[in-house]
Amino acid sequence: MLRDGDVGGRPSSETAPIVAGRGLRRTYRRRDGEEVRAIDGIDVEFGAGEFVVLLGPSGCGKTTLLRCLAGLESPDAGAISLRGSTVFDAEASVDLPPEKRRAGMMFQSYALWPHMTVQDNVAYPLKVRRAGSAEIRARVDEVLRLVGCAAIAEQYPGEISGGQQQRVALARAVVARDDLVLFDEPLSNVDAQLRETLRTELSILQRALGFTAVYVTHDQSEALALADTVIVLNQGRIAQIGPPADIYRHPASAYVARFMGPVNEIPGRLTRREGKDSVTTSLGTFDATRPLPSDLGSDVLLVLRPSELSVGTVGAAGRQVEATIRSLQFQGDYVEVLVTAGQQELLIRDRSDQILQVGQSVLVTLPGVARAVVPDDGLRPTRLPFTDEAA
Amino acid sequence: MTTSILAKRSRPMVRVAPLRTICLVLGLLMAALIVLPIVGTIVRTFAESEGLSAFTRAAELDDLGTTLLNTAIVVVVAVSAATLIGTVLAWLSERTTARMGWVSEITPVMPLLVPPVALAVGFVFLFSPRAGVVNVAIRSFTRSEATTGPFNIFSWYGLLSLYVIELIPVVYLVVSAALRSVDPALEQASRTAGAGLFRTFVSVTLPSIRPAVVSSMFMSLTIALTLFSAPAIVGATAGIDVLSVRIVRLLTATYPPETDVAVVLGLLTLICIGAAWTVQLRILAAQRFAVVGGKGQRASLIDLGPWTVPAKGLVLTFLSFATVLPALGLILVSVQRFWSPRIEIATLGFDAYRRVFASGSITREAITNSVALGAAGATIALMIATLCALALRERATGVFRAIDGLLKLPAGMSNIVIAVGILVTFAGSPFNLSGTVAILLLAYVIIYMPQASIAANSAGSLVGRQLTEASSIAGAAPSRTMRRVLLPLMVPSLASGWTLLFVYMAGDLTASVLLASTNTPTVGYVLYEQFTSGSYPTIAALAVVLTSVSSLVAFSVLVLSRRARTT
């Protein structure tokens, strides 16, 4: 199948989805008797070759959902089908064990068996599926070469580096060429630089082998980099589902907006101007680039990413407001500037090389239109805890 | 196309049904074997002795008050001393520069290799007032004219020292394990806050390991109440009777055996243990303990400065008193013709060993029996415990938790009481196991089941859950996952658990003294029986053989399992 080339790409509409879950619910009972809804009514459908990332903070239910798909946990309600055949159905009392679900999985701890060599670890899924020994050898060699671990085939997991362990775990997850591979925060245990390398390798491998990937992470940059589809989870429910660019640019809620990176949230009211939806805030009125789902007059938040703002008159296409610099943080490629404009805090990524000072009065350039507007959830995260003089 | 199998939603029930069934059956069997004899015996005692006459006769026993007082003194003093010394030793070896590489690694296991009965005999040979090897050496070194002393093992301090030496390893083992899991940053934070070494130990280290200290105290209290070797061999000559010896004597030294009175005394022991258990629970519940990190990182050792050498000396002194010295005493007596204060090189020889191994001798039979019982008992107990640990790992439901707790129940009871229960239940009809190897095996498996269960559980818990999940995901059926992943990874821990069980069982005295006979002798039984009447070199040689077999088995199993472990 490796030699067959790219069988991946976009999900095709004629075939059954690789993964379909509906109404999935899983409740835990804590020691004190309180019920925790780990996943709470989730419907998903993943196509062939699709790279799906389940994203959310710890406790949002992403790992539970993945483990339910794998068969390592059983939901309390709902149904799961893989490749069109039911593997779990709470009502019909169907629950196929993990070994019958034909999925690969890469664990957070890698879970390499310490008493087997790298080769034996990778060969294991083939052996238990009764492949011939010649085929096993060929496929293990091939996949180990693919992940750059051919040279350490004879070694034990305890003798190789963390990055190599990761690659071996990846090799073991894909060696059986299942059309579904599950990833449980597989990159969270390595340092930042190695993580980026492995992320790229994983992405290339997934395109080459064409399997459907379901990938759990709490790292939004990882999600943006890898995903065809991002599913943001919040307290066991799907907060938003869509391509990474959509989720980043058009968050459906303040929760999603905040989770996708630092944001400026400017409270305002939904108004209408010349037939267009717009947002009126203390910094002015911004026309929305698309119709907004909220009711006219409702409280909303205008979401501005720090890179959409700039300090000074550079590229003054939008509108400008007066502001005072409260703090400066040099970050290499940019300077993170925190200013206050009236009561409003604004975080800015300034990429110019201008000299700035704390306390300085500056003009801040805002975009002319409102791209991201979400319903106001009443939360007001602040970056300046000591704002007595600013008030 | 749809290959779905019909199954209950709680899938593991289906997946490991055979394992669970086996575990359930075994668990119920063990439950019956552990609980029924004791309950049955107690009920029978009440029923057959017409009301409370057993209690009346128990109360009328000669010197019962003295026995109880003696027991209380021994238990309180020995347990306090052992807890203190054991905790300090553990702290020195785990946390300070007194740590001595491999010596510290094997310190907790070393004392186990000299079985209690051999230790007591060895101490008699060392510190007997007239002919004790150490006493003779000191007298000749100081050119003393005296014919006895300076030490006398047959005394209060002699008896208490033996108790303390027997109990220290128990405390050490538990406390050092706890110390290893306490985040060293807790101590470092205290030191950087300006607290000194001692203050840090008292106000940070001790509170964070208090649960371990308390539970090790409870464990050593149970053992102290039950310990039979030291009071039987040393206390009898010293004229200090304790409860455990009285119970055994009521069953073996009187005819007909006063079983019902013995049971009443056993009940008394159980009540003491129960009371201690309640106190332990209360202490543990009242405290909030420091968060214990599970990082298992090697802490930077606390520098004791000039105290390092004395501290190392303390650890080595304990080791030599618990193992090296008694072993030397045993060896020295075993190569003599008869135990005499003067050692004449010319007369030394291995006659005693020849006698021990002489064909048809009771000693030879005892060795064969003890080794066979140790091997068989360790294997059976560990198999049962492993099956139950696996079932518990698959699904920790109430039933399996209950079985797990049940397997550990004998640890909270007196070994002697269990042995009495087995004697009363299985010796006569309908089982008629009296004087058979089977009744010994049964007793060993039950009495040492807690140790087996702890070993199996920890072996299982050392294998991360994801390791077995990865195998299921790869498509392996549960039986294959167990065979290829779980069991191979458990082997090293199971091997050391087996060693421990073998050493306990081969050197057992408590159960043997009640259940063995001249037809089915064990080493512990023969050592005890012959101590007052037999030839000392033969006794010493038998004890040396027992210690050597235990050590040999322990070391070879440990070496083999270490070699098998490839990571």
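**Entry 1: a residue in a long-numbered helix**

Is B:Ile22 buried, exposed or partly exposed? I looked this up in the predicted model and found a relative accessible area of 41% for B:Ile22. Buried means under 20% and exposed means over 50%, so B:Ile22 counts as partly exposed. I noted its address too: B:Ile22 belongs to helix α2 of chain B, which covers residues 17–48. I then took the distance from B:Ile22 to B:Thr205, and their C-alpha atoms are 43 Å apart in space. Along the sequence, 183 residues separate B:Ile22 from B:Thr205.

**Entry 2: a serine in chain B**

Next I turned to B:Ser176, which sits in helix α9 of chain B, residues 156–181. Is B:Ser176 buried or exposed? I read a relative accessibility of 1%, so B:Ser176 is buried. What does B:Ser176 touch, leaving aside residues up to four places away in sequence? I found B:Ala90 and B:Glu94 there. Within its own helix neighbourhood I also checked the side chain: a polar atom of B:Ser176 lies 3.3 Å from the backbone oxygen of B:Leu173.

**Entry 3: strand β14 of chain A**

I moved to chain A and picked strand β14, residues 284–288. How many of its residues are buried? I counted five of five, so I wrote down β14(A) as mostly covered. I remembered a general point: side chains in a regular strand alternate between the two faces of the sheet. I therefore sorted the residues by side. On one side of β14(A) I listed A:Gly284, A:Phe286 and A:Ala288, and on the other A:Thr285 and A:Asp287. Both faces are covered.

Which strands pair with β14(A)? One partner is β13(A), residues 276–281, which runs antiparallel to β14(A) and is joined to it by four bridges. I saw that β13(A) and β14(A) make a hairpin, with two residues between them. Across this pairing, A:Asp287 of β14(A) has A:Ser278 opposite it. Another partner is β21(A), residues 369–370, which runs parallel to β14(A) over two bridges. There I matched A:Ala288 with its bridge partner, A:Ala370.

**Entry 4: strand β20 of chain A**

I followed β20(A), residues 361–366, to two of its pairings. With β16(A), residues 310–311, the pairing is antiparallel and has two bridges; A:Ser310 is matched there with A:Thr365. With β17(A), residues 319–330, the sense is again antiparallel, over six bridges. In that pairing I noted A:Ala323 and A:Val362 as bridge partners.

**Entry 5: where chain A meets chain B**

How many residues of each chain are in contact? I got 43 from chain A and 31 from chain B. Interface size is often given as the accessible area lost when the parts come together. For chains A and B I wrote down about 3100 Å², with 57% of it on carbon and sulfur atoms.

I then looked at polar links. Seven residue pairs are in polar contact between the two chains. The salt bridge count is one: A:Arg67 joins B:Glu469, with the closest N and O atoms 2.5 Å apart.

Which elements of chain A supply at least two residues each to the side touching chain B? My list reads α1 (62–70), β5 (85–89), β6 (94–95), β7 (104–106) and α2 (118–128). The largest share, four residues, is from α2(A). By type, I sorted this side of chain A into 22 nonpolar, ten polar and eleven charged residues.

Methods:
Residues are numbered from 1 along each chain as its sequence is written. Chains are lettered from A and ligands numbered from 1 in the order in which they are written. This is a predicted model: local features need pLDDT of at least 70, side-chain atom pairs count only at pLDDT 80 or more; totals for chains, interfaces and linings use all residues. Side-chain values use heavy atoms; hydrogens and water are left out. Buried means under 20% relative accessible area, exposed over 50%, partly exposed in between (1.4 Å probe, protein chains only). Two strands pair if DSSP finds at least two bridges between them. Contact means heavy atoms within 4.5 Å. Buried area is the accessible area (1.4 Å probe) that two parts lose on being put together, summed over both. A salt bridge is a side-chain nitrogen of Lys or Arg within 4 Å of a carboxyl oxygen of Asp or Glu. A polar contact is a pair of N or O atoms within 3.5 Å; within protein, one must be able to donate a hydrogen and the other to accept it, and residues adjacent in sequence count only if both atoms are side-chain atoms. Ala, Val, Leu, Ile, Met, Phe, Trp, Tyr, Cys and Pro count as nonpolar, Asp, Glu, Lys and Arg as charged, and the others, Gly among them, as polar.
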